[in-house]
Amino acid sequence: MTDFLLLAFLFLIAGVIAVPIASRLGLGSVLGYLIAGILLSPVLALLHVDVISIQHFAEFGVVMMLFLVGLELEPRLLWDMRARLLGLGGLQVGVTAALVAAAAYAFGQVWQVSVAIGLIFALSSTAIVLQTLNEKGLMKSDGGQASFSVLLFQDIAVIPMLAFLPLLALPGLAGSGAAHGGDSHGAEGDHGATLSLVDGLAGWQTALVTLAAIALVIAAGMYLTRPAFRFIAQAHLREIFIAAALTFVIGIALLMTLVGLSPALGTFLAGVVLANSEYRHELESDIDPFRGLLLGLFFMTVGAGIDFGLLGRETMLILGLTVGVMALKAGVLFALARIFKVRDEQGWLFGMGLAQAGEFGFVLISFAAASSVLPPDIAPRLTLIVTLSMMLTPLLFIAYEKLVLPRFEDAEPREADEITAPSHIIIAGHGRFGSVVNRMLLSAGHETTVLDHNAEMLERLRAFGVRAFYGDATRPDLLHAAGIEQAKVLVIAIDDRHRATEMVRYVTEHHPHVHITARAMDRNHVYELWGAGCRDIIRDTFDSAVRTGRSVYEALGTHAFEAERAARAFVDENQRTLRELAGLYDPDIPNHKNDAYRERAKELLEEQAQQIRARGRGAFHERSERGWTPPSPADVKAAADSQGS
Amino acid sequence: MARLLHIFAHPGRATSRVNLSMWRAAQGIDGIDSLDLYSTYPRYAIDIEKEQQRLVDHDVLVLQFPLFWYSAPALVKEWIDLTFEHGFAYGQGGDRLRGKQMMLAVTAGGPQDAYSHQGYQHFELRTFLTPFEQTARLSQMTFLAPYVQFGALKEDPAPHARGFADLLRALRDDRLDLSRAQQAQFLTHDTLPLTEGAPT
């Protein structure tokens, strides 16, 4: 227990200190984590910590990240990407593997080892690249999309590579490694082969089981999750929902592992299937902290895993090879960018961003070593090269920003980037109030994102094509997932008045660009919302009450237009007193104990009473009386007299 | 019997003398349709289809309103703007009002002699009403001389109101001499050009 706490504390404190500093210096979080890992490595060595096994655990962050990426990607978008996914991704892996293998062969390796090295370096780091692209907001750019296509293809390509590697086994090394060819890859790495559904099955049976597993993931995503999540949502316990989300992701990863598929691929698919679900934003904000922490841990283990002894002994060779591999990869990427028309700075982003080797490289190395493909002296050197190339990637991103981007900013203006604009209006709360607002906005052709925590109602809404999502709209992370950064307007129509006020406070502070239109429950709530920074406040029952009053006027025989004017005058008068008293309102004192408020309210009432006494009519009557009033006969006479004189 | 539509518009009913008397006088007449525009559309949400159908269903339109700043109250303008649509009242296919008659019944605060080049209103009353006259012409309607009460703030409203009722009945029964009504500058309660026949 102490060990565990110590270890957790060490990793956390290292991250907590290093990452903010790195971010402040503009280095990005990934480099911060890597440096934290390096700084931590002597301590870890002293404690005899098995960094590699922690790394395998932390790799699950990649799985979660792919799930989140899938959530962002609707099936239609994935289908639109198919040309790039297969063409760009396939060529990148194929050409890079061939060139690296050729180079290794030229350096005197036997062809089996050369091919294995080629495969290892063909892969890039999904973790670093996606994390960095997300952090810099480049995911939606052309270069970001191309990078994502390639990374996704690589994640898929790892599986056949793992099947293929044992065939390269060197006769001289056979027997030293006992791993089985059907070993799963990925997060579990070389210690995940304990359970398998496909062991000992014939090829076609394996294929069948595999296909069934994928079908199961898609079917479960489409048909099972909704009722399941709804059932869980009814408990209104957030931690249970988080537990369910984790269960879902881990379950899919487990299933994929059991049939020998990439867990990252499985969760990615599940994410895509759920991209249209009302639980999307809730899942996103629930899984995201885990993803962030695990990836951070993963980056730290990469940093901590550097073998400084080896690096010290063969500095020039290792560094040279690292730079060589990265240059070669970048060359291939630039060529592909040209062919696939990823232009200008986007091409640079693509080429520089993906030039590193990746975490799947570690998996392939350890697997290849265990399968007697790589001689024992080569594997640690390869691991070091992969690590160093990952370490250099954040620096390349910085170089991209500082050196490449400025060159293109001066260039003639290009056509605007294709940004798929998300909805610009968020409606928090879709009850009897919010739903009317939503229908009005939709009927005017606007796109809205609806947040509500009533699962059954959401299901009905989605049946009518409303973009509605499950979740507590007052949570900042859910607002973030719903795109508050891009939102123009936020409509607050939730039932809980205090949370509505808190929401106003949070959004005005953190997202001042968002116009907030808030529903107030009553007069005091108006004051609270105003105090929290909202400047567009609508009292929810006030308008309908005024209409009711007007209706009664009419029923009593008042002319419809007079009733309308009287109602308007009443509203004016009411708002005047509301404003008068707003300055005196104190949230900490009930109004009837607030002396200043009480006094002024009494004065206003007295004013109204006087007016009623004076004219025998309502206080606001005078206001409704102006307009279309001809001069009195006395006035007419006076005017005529003055003209005559 | 002509199908007669009487539209009344006054936003300040409470202060109206003449117009309200006219409105009340019109209420007792059988066989005509009377509409209080401000009561029907207190929030200006005019139902265009309904109003166009109303016009189609009648032969004679009498628009009754007080003159405010040399024109009609805002809702009358809104009603005309929305109802006299292109393709309905004018323009291509816009002949649905052809052959119908339009008559204004207006009250003016100033005395009759003010509405002349020498008077303080500087223009003839008919000059101020030319927008309505041309609206009728473009809609292929006949524009009859307006029924006017000058000095509406001072005069006794009763004779004018009775005259208005006579006018409406005459229009209903085709007893108004249209050629004279067209040629006159304006009509008053004691100058109604009725054809021969016993008044009802």
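**Figure 1. Overall content of chain A in the predicted model.** Chain A holds 28 helices and six strands, and 42% of its 645 residues are buried. When contacts in chain A between residues at least 6 apart in sequence are considered, 71% of them join residues at least 24 apart.

**Figure 2. The largest nonpolar core and the two domains that contribute to it.** This core comprises 165 residues, of which A:Phe67, A:Ala116, A:Ile120, A:Leu364, A:Ala428, A:Ile492 and A:Val504 touch the most other members. Because domain 1 (2-408) and domain 2 (421-540) of chain A both give residues to the core, it lies between them. Leaving aside residues up to four places away in sequence, A:Leu364 touches A:Leu119, A:Ile120, A:Met161 and A:Leu165. Another core, of 56 residues, lies apart from the largest one and includes B:Tyr38, B:Leu55, B:Leu75 and B:Leu97.

**Figure 3. Packing of helix α10 against helix α11 in chain A.** The axes of α10 (residues 203-233) and α11 (residues 238-258) come within 12 Å and cross at roughly 170 degrees, and the two helices are therefore roughly antiparallel to each other. On the α10(A) side the contact is made by A:Ala213, A:Val217, A:Thr225, A:Phe229, A:Ile232 and A:Ala233, and α11(A) supplies A:Ile240, A:Phe241, A:Ala244, A:Phe248, A:Ile252, A:Leu255 and A:Met256. Sorted by class, this contact has twelve nonpolar residues, one polar residue and no charged residues.

**Figure 4. The contact between chain B and chain A.** Twelve residues of chain B are in contact with twelve residues of chain A. On the side of chain B that touches chain A, five of the residues are nonpolar, four are polar and three are charged.

Technical notes
Residues numbered from 1 in each chain as written. Chains lettered and ligands numbered in written order. Predicted model: local features only at pLDDT ≥ 70, side-chain atom pairs only at ≥ 80, totals over all residues. Contact = placed C-beta atoms within 7 Å. Nonpolar A, V, L, I, M, F, W, Y, C, P; charged D, E, K, R; others polar. Axes fitted to C-alpha atoms, helices over the stretch in contact; angles between N-to-C directions. Helix = DSSP H or I, 4+ residues; strand = E, 2+ residues; numbered from the N terminus. Parallel < 35°, antiparallel > 145°, perpendicular 65-115°, else oblique. Buried ≥ 20, exposed ≤ 12 C-beta atoms within 10 Å, placed from the backbone. Core = buried A, V, L, I, M, F, W, Y, C linked by C-beta atoms within 7 Å. Domains from an automatic or database assignment.
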